[in-house]
Structures are given as structure tokens and as C-alpha cells.
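Here are a few notes to read alongside the model. Please keep the sequence and the structure open while going through them.

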Amino acid sequence: QQQMQQQRQMEEEQDRALDVLASSVVRLQSLSKSIGGELKEQSEVLLSLDADQDASESKKMKKIKKKDSSEKCAEEASVARSRSSTATSTSTTTTTAKPSAVAAPPPPPPPP
């Protein structure tokens with residue numbers, strides 16, 4: 001009879017330990033689901049952020065290309081105006097300029 005009582009006591013202790021273990025497993029399962037949900041939300045936020053960054057980078061590159069293009073056009077126009085102005089002033093100078101009648105004096109002879 002004492003042996004039966006000891007066996008029953010052991011079974012009750014094992015049942016309590018199993019209840020504690022089951023409770024821990026349920027808590028771990030709940031935490032795992034919460035962590036999984038949080039990871040899913042953060043993944044969606046990161047994907048959205050990545051898409052926003054890509055769009056922003058694309059807009060930035062378009063603006064840079066547009067700016068470079070307009071600066072290049074402005075530079076080319078400036079060079080063209082400069083060449084046109086130089087050509088006009090050269091042709092004006094050559095048509096209106098008269099050869100100089102005064103020549104520069106020759107350098108003095110070296111001393112003996």
C-alpha cells in the first residue's frame with residue numbers, strides 16, 4: 001500500500017511538471033506567433049521603404065540628367081555665340097583694319 005501511495009505521488013508530481021511544461025509551450029507558441037507577425041510587418045515596411053528609395057533615386061537621376069543636359073545645351077550655345085562673336089569681330093577687324101605703316105625699330109647691335 002505504501003508503494004502504491006508513492007507511485008501515485010510520483011504520478012501527481014509528473015502531472016504538475018507536465019502542466020508547467022505545457023504552459024511554457026503555450027507561452028512560447030504565442031511569443032513565436034507574435035515575433036512572426038512583427039517580422040512580417042517589418043518586412044513589408046522595409047519593402048515599401050526600398051520601393052520609395054528606388055523611386056526617389058530614379059527621380060534624382062532624372063533631375064541630374066536633365067540639369068546636365070540643360071547645362072550642356074547652355075554651354076554649347078555659349079560656345080557657339082562665342083565662336084560667332086569671334087568670327088564676326090575677326091571679319092570686322094580684317095575688313096576695317098589697315099596695315100600699320102610704322103614698323104618696330106630693329107634691336108641695337110651687340111657691343112664689341
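1. Burial. Of the 112 residues in the protein chain, 0% are buried. The model is a predicted one, and the points below should be read with that in mind.

2. Overall fold. The secondary structure of the protein chain consists of one helix and zero strands. Helix α1 covers residues 2-96.

3. Total surface. About 10800 Å² of the protein chain is exposed, and 58% of this comes from carbon and sulfur atoms.

4. Negative patch. E11, E12, E13, D15 and D19 together make a negative patch on the surface. One of these residues, D15, sits in helix α1. Is D15 buried or partly exposed? D15 has a relative accessible area of 46%, so D15 counts as partly exposed, the class between the limits of 20% and 50%.

5. Nonpolar patch. The surface also carries a nonpolar patch made of L28, L31, I35 and L39. Together these residues have about 420 Å² of accessible area. I35, a member of this patch, is located in helix α1.

Conventions:
Residues are numbered from 1 along each chain as its sequence is written. This is a predicted model: local features need pLDDT of at least 70, side-chain atom pairs count only at pLDDT 80 or more; totals for chains, interfaces and linings use all residues. Side-chain values use heavy atoms; hydrogens and water are left out. Patches are made of residues with over 30% relative accessible area and no salt bridge: like charges are joined within 9 Å, nonpolar side chains (Val, Leu, Ile, Met, Phe, Trp, Tyr) within 5 Å. Accessible areas come from the Shrake-Rupley method with a 1.4 Å probe; for residues, only the protein chains shown count as cover. A salt bridge is a side-chain nitrogen of Lys or Arg within 4 Å of a carboxyl oxygen of Asp or Glu. Lys and Arg count as positive and Asp and Glu as negative; His and the chain ends are not counted. The place of a charge is taken as NZ of Lys, CZ of Arg, CG of Asp or CD of Glu. Helices (H or I, at least four residues) and strands (E, at least two) are DSSP runs, numbered from the N terminus. Buried means under 20% relative accessible area, exposed over 50%, partly exposed in between (1.4 Å probe, protein chains only).
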